[in-house]
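Dear colleague,

Please find below the structure that I am handing over to you, with its sequence. My notes on what was found in it follow directly after.

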Amino acid sequence: MSLLETNQNPLASLDDWEDDIVKRYPEPGTKAKEDYRNYVDSDRVATVKEFYRLNHTYQTYDFVVEKEKEFLKFDKREMSIWDAVDFLNTLVDDSDPDTDLDQLQHLLQTSEAIRQDGHPDWFVLTGFLHDLGKVLCLFGEPQWCVVGDTFPVGCKHSDKIVYSEYFEANPDFHNPKFNTKYGVYEPNCGLDKVKMSWGHDEYIYQIMKDYLPEEGLYMLRYHSFYSQHREKAYDHLMSAHDHEMFKWVDKFNPYDLYSKAPTPPDVKALKPYYEELVAKFLPPTLKF
Ligand SMILES: [Fe+2]
Ligand SMILES: [Fe+2]
């Protein structure tokens with residue numbers, strides 16, 4: 001089957017990907033599932049699998065180069081953060097409106113959990129911004145180019161990446177330039193030199209890179225890099241500085257995964273605080 005004949009968006013909701021991660025990495029102290037893939041909703045398991053199949057098959061090194069060329073021109077839209085949030089909230093999918101939170105609610109639950117723990121304001125802001133790159137979906141990008149665990153391209157795919165068996169269909173898997181341990185990289189060259197699979201993490205990092213402290217930028221850029229921050233599969237590409245900075249990625253991750261609460265945050269009451277916070281760090285508009 002060619003890519004065009006395939007359903008590009010198998011997930012009923014982008015959140016199904018994140019819900020799957022929570023099942024894979026349950027919150028410490030909660031009862032871990034023996035096999036997270038055997039959870040009740042088998043339809044969801046099937047769509048998540050199909051989503052990863054597409055992601056692992058088509059995210060090649062050359063594909064990432066193309067996407068960077070296309071999106072890092074930032075010629076799609078100029079928006080304030082608030083316009084971007086409103087825009088992201090127009091993302092309608094087949095999720096259940098009774099139980100699923102919208103995108104703004106997820107951002108606020110993440111940032112409010114960070115704020116309640118007394119972290120610095122730039123950390124709160126990072127939480128509030130971290131998924132804004134999902135506007136890629138609204139620029140017509142399929143799910144497998146927006147979300148999903150990210151991984152380095154241009155070198156061997158770790159078997160610690162979820163559903164790594166699907167990489168066999170990826171052309172890079174068979175290309176000697178890209179399929180060795182280091183591929184096109186040098187040992188411990190540092191992640192800044194390493195291309196990651198394309199998605200909302202790299203995109204929002206590139207938009208914010210002049211405005212947040214480096215710790216926050218690492219959180220934005222690598223928050224979906226589970227094979228490293230959970231599995232330590234790419235230590236051989238990381239520099240000592242990356243390891244220092246990943247302490248912050250690790251700090252951020254629980255707020256992203258485990259802050260989903262059934263009660264939606266009070267957007268109206270919180271807005272003044274966030275308006276001030278956004279104005280402190282960011283220019284009035286940003287190019288997407
Ligand atoms: Fe994310
Ligand atoms: Fe998130």
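Lys232 counts as exposed, because it has 12 C-beta neighbours inside 10 Å and 12 or fewer is the cut-off for that class. Please note that this assignment, like everything below, comes from a predicted model. Lys232 is found in the loop between H9 and H10. Its phi is near 55°, a positive value in a residue other than glycine.

Asn188 also has a positive phi, of about 50°, although it is not a glycine. This residue is in the loop between H6 and H7. With 14 other C-beta atoms within 10 Å, Asn188 is partly exposed. Glu186 has its place in the loop between H6 and H7 as well, and it counts as exposed, with 9 C-beta neighbours inside 10 Å. From Glu186 to Tyr58 the separation is 128 residues in sequence and 24 Å in space, C-alpha to C-alpha.

Leu237 lies in the loop between H9 and H10. Is it buried or exposed? Leu237 has 23 other C-beta atoms within 10 Å and is therefore buried, the threshold being 20 or more. Neighbours within four places in sequence aside, Leu237 is in contact with Pro152, Tyr185, Asn188, Cys189, Leu191 and Val194. Asn188, described above for its positive phi, is thus one of the residues that Leu237 touches. Leu237 and Lys181 are 56 residues apart in sequence, yet their C-alpha atoms are 9.5 Å apart in space.

I turn next to the chain as a whole. The protein chain has 11 helices and two strands. Its radius of gyration is 18 Å, close to the 19 Å that the globule rule gives for 288 residues, so the chain is as compact as a globular protein of that length. Along the principal axes, the C-alpha trace spans about 55 × 40 × 40 Å. Buried residues make up 38% of the 288 residues. Of the contacts with a separation of 6 or more, 78% are between residues 24 or more positions apart.

In soluble globular proteins, nonpolar side chains tend to be buried together. The largest nonpolar core in this model has 63 residues, and within it Ile204 and Met208 touch the most other members. Leaving out residues up to four places away in sequence, Met208 touches Leu129, Leu217 and Leu220.

Three helices deserve a separate description.

Helix H10 covers residues 240-258. At 1.5 Å a residue, its 19 residues should span 27 Å, and its end C-alpha atoms are 28 Å apart, which agrees. H10 nevertheless has a kink of about 25°, centred on Phe246. Which residues of H10 are buried? They are Asp242, Met245, Phe252, Asn253, Tyr255 and Asp256. These buried residues pack against helix H5 (103-116), helix H6 (121-129), helix H8 (214-222) and helix H9 (226-229).

Helix H3 (residues 61-71) has Tyr61, Val64 and Phe71 buried. Seen down the axis of H3, its buried residues fall within an arc of 105°, so they line one face of the helix. The face turned away from that buried side carries the exposed residues Glu66 and Lys69. Among the elements that cover the buried residues of H3 is helix H7 (200-208).

Helix H4 (residues 81-88) has four named residues to note: Ile81, Ala84, Val85 and Leu88 are buried. They cover an arc of only 100° around the axis, which puts them on the same side of H4. An α-helix has 3.6 residues a turn, so residues three or four places apart point the same way. On the other side of H4, Trp82 and Asp86 are exposed. The cover over the buried residues of H4 includes strand E1 (78-79), H5 and helix H11 (267-281). H5 therefore appears in two of these descriptions, as it is among the elements against which the buried residues of H10 pack and part of what covers those of H4.

With kind regards

Note on methods: Residues are numbered from 1 along each chain as its sequence is written. Chains are lettered from A and ligands numbered from 1 in the order in which they are written. This is a predicted model: local features need pLDDT of at least 70, side-chain atom pairs count only at pLDDT 80 or more; totals for chains, interfaces and linings use all residues. A nonpolar core is a set of buried Ala, Val, Leu, Ile, Met, Phe, Trp, Tyr and Cys residues joined through C-beta atoms within 7 Å. Two residues are in contact if their C-beta atoms, placed from the backbone, lie within 7 Å. The radius of gyration is taken over C-alpha atoms; the globule rule is 2.2 Å times the number of residues to the power 0.38. The expected span of a helix is 1.5 Å times one less than its number of residues. The bend at a residue is the angle between axes fitted to the seven residues ending there and the seven starting there. The arc is that of the directions from the helix axis to the C-beta atoms.
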